[in-house]
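Biologist: Could you take me on a close look at a single part of this model, the place where the ligand is held? I would love one connected account.

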Amino acid sequence: MVSLFHIVFCASLCVVYGIDLTFPPGFKFGAATSSYQIEGGWNASDKSENIWDVFTHTMSDKIVDNSNGDIACDSYNQWQRDIEMASELGLHFYRFSLSWSRILPSGFPDRISEDGVKYYNNLINGLLAKGIEPVITIFHWDLPQSLQDLGGWTNPMIADWFADYSKVVFSLFGDRVKTWITINEATSICDVSYGLGILAPGVRSLEYGNYICAKNILVAHAKAFRVYDREFRAKFNGKVGITNHFLWMEPETEADEELAELARELAVGLYSHAIFSKEGGWPPVLEEKLAEYSKRQGYTRSRLPAFTKEEIELVRGSADFLGFNHYTSRTVRELNDRKSALWPLSGSPSLGIRLSVRPEWKQAAVKWFFVYPEGIRRQLLWLKKRYGDIPILITENGYCTEKLEIVDKDRIDYYYNYLEQILLSIKEDGVNVVGYTAWTLMDNFEWVSGYKVKFGLYQVDFTSPSRTRTPRASAKYYARIIKNHSLDVNKYEYDEL
Ligand code: GBH
């Protein structure tokens with residue numbers, strides 16, 4: 001038995017005596033962006049409006065600096081510079097997303113935009129020419145407005161619309177793209193967009209919208225996966241996964257462990273269990289508690305929509321890998337004042353869960369972000385215990401500041417501390433982490449935080465017409481890590497200080 005004492009003891013000793021800071025052979029490094037956050041070209045050619053175009057144009061007061069992604073980093077025109085940056089960093093892969101309404105202006109496959117496809121072909125071919133693997137996220141939040149008008153992620157038909165769109169992009173790019181992520185962060189879409197109503201389309205439907213959305217996302221993902229399996233896998237031999245967001249839940253005291261486990265099921269299990277567990281379907285404890293609670297409130301059925309037997313089978317096992325986004329952690333205790341500070345999950349108050357943070361966790365430049373490096377290791381171990389040895393690709397991790405600064409020591413420290421925990425997770429806990437992706441290649445439109453908050457390895461000058469990109473110290477640091485395949489490199493080079 002490996003006791004907690006043993007783990008803590010080893011972890012600190014290993015660090016003192018220097019654990020082996022090299023990454024396993026074959027471990028890959030990348031950086032990520034998403035279409036709406038960088039592309040601009042919001043009305044270029046025959047692209048139609050998506051929900052972020054409409055949200056920022058009609059409800060600009062929801063964005064802290066009233067900004068939008070009309071031009072953003074102008075990557076629609078500056079894509080060659082983006083490839084050059086990926087190459088300067090020495091990335092093994094670049095993760096970017098496709099704009100649904102740029103490729104399919106009606107939202108449906110009746111008409112494929114030539115210019116939209118050309119843009120992505122240029123990017124894919126340019127990356128490959130530099131030896132960088134393109135990793136595509138099919139959907140990163142910018143739903144065509146035409147589909148939102150039909151209910152978006154609350155209409156069960158979206159599972160077929162998404163599968164049709166996926167089929168189009170598999171057939172267009174699958175000869176060259178071997179790693180596919182269907183959907184980015186169901187929790188942000190469901191809890192934050194359709195529950196709390198913070199992100200576009202701003203539907204506030206606490207405890208209906210989020211659960212309906214959760215089910216539809218899982219089925220949509222699975223249908224796209226099965227399309228790849230049936231029609232493309234033999235020919236293209238790629239991999240298809242989903243990226244979830246993992247907010248680690250730490251019990252406030254030992255007595256809160258059971259509640260923390262419930263919070264993990266709500267934050268993580270709700271979007272992962274159906275795909276990655278042996279039995280499939282909803283996490284049993286959630287299914288039970290939500291049924292009970294709905295009944296007590298006088299509903300005739302649970303707020304959590306049931307899966308049919310066929311749906312359980314369709315979704316179960318529908319991933320070749322798990323995409324893992326992680327930034328921060330929360331503490332959990334019982335909620336008794338009906339208020340749950342700090343980015344509650346849509347459903348957490350009714351399950352009696354109060355989320356908070358420890359006072360010693362340093363806050364980053366946004367209200368939801370507190371630094372707790374051990375959280376990433378605990379979350380990874382929890383996933384291994386829960387779902388077994390699935391290959392995990394870390395698809396996002398990174399740090400934000402408000403300051404415009406080239407020498408970004410805090411960001412460097414964040415990357416070092418989180419990567420160290422990832423190494424421990426691989427080497428001490430035996431978690432199957434296959435790669436790491438820094439969020440983000442460059443400063444970009446940070447959703448409701450606009451351009452105020454910066455996550456970039458490269459700084460972007462949003463006042464210059466070509467959106468000039470300049471590497472920060474963290475970019476050079478990340479390049480050294482990649483080049484040496486090790487964390488055992490200088491954190492700061494003399495000439496940067
Ligand atoms: C990721 O989400 C996204 O995938 C990426 O596009 C984004 O740029 C990056 O993180 C950095 O934020 O307004 O207080 O209710 C991370 C998860 C979910 C965190 C939504 C912020 C809203 C918090 N995010 N959440 S709040």
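**The ligand and its pocket**

Modeller: Happy to! Sorted by class, the lining of the second largest pocket has 17 nonpolar, six polar and seven charged residues. Please keep in mind as you look around that this is a predicted model. The second largest pocket is a good place to begin, as the ligand sits in it. Its volume is about 690 Å³. There are 30 residues lining this pocket, and those closest to its centre are Leu-199, Trp-368, Glu-446, Val-448 and Ser-449.

Now let us turn from the pocket to the ligand itself. Around the ligand there are 19 residues, and the ones that come nearest are Gln-37, His-140, Glu-185, Glu-446 and Trp-447. Split by class, this shell consists of nine nonpolar, six polar and four charged residues. Glu-446 is worth a pause on your screen: it belongs to the residues closest to the pocket centre, and it is also among those that come nearest to the ligand.

The polar contacts are where you may want to zoom in. In the side chain of Glu-446, an N or O atom is 2.6 Å from an oxygen atom of the ligand. For His-140, a polar side-chain atom lies 2.9 Å from a ligand oxygen atom. Glu-396 takes part too, with a polar side-chain atom 3.0 Å from an oxygen atom of the ligand. As for how much of the ligand is covered, it has 580 Å² of accessible area on its own, and the protein covers 95% of that.

Before you leave the model, here is one more feature to look up. The structure holds one disulfide, which joins Cys-190 to Cys-213 with an S to S distance of 2.1 Å. The angle about the S-S bond is -70°, and the link of Cys-190 and Cys-213 is left-handed.

Methods
Residues are numbered from 1 along each chain as its sequence is written. This is a predicted model: local features need pLDDT of at least 70, side-chain atom pairs count only at pLDDT 80 or more; totals for chains, interfaces and linings use all residues. Side-chain values use heavy atoms; hydrogens and water are left out. A residue is near a molecule or strand if one of its heavy atoms lies within 4 Å of it. A polar contact is a pair of N or O atoms within 3.5 Å; within protein, one must be able to donate a hydrogen and the other to accept it, and residues adjacent in sequence count only if both atoms are side-chain atoms. Accessible areas come from the Shrake-Rupley method with a 1.4 Å probe; for residues, only the protein chains shown count as cover. On a 1 Å grid over the protein atoms alone, a cavity is a set of points where a 1.4 Å probe fits but cannot get out, and a pocket is an open set with protein on both sides within 12 Å along at least five of seven lines; lining residues have an atom within 4 Å of a point. A molecule sits in a cavity or pocket if more than half of its atoms lie within 2 Å of its grid points. Ala, Val, Leu, Ile, Met, Phe, Trp, Tyr, Cys and Pro count as nonpolar, Asp, Glu, Lys and Arg as charged, and the others, Gly among them, as polar. Grid points are joined across faces, edges and corners, and a volume is the space filled by probe spheres set on the points. A disulfide is a pair of cysteine sulfur atoms within 2.5 Å.
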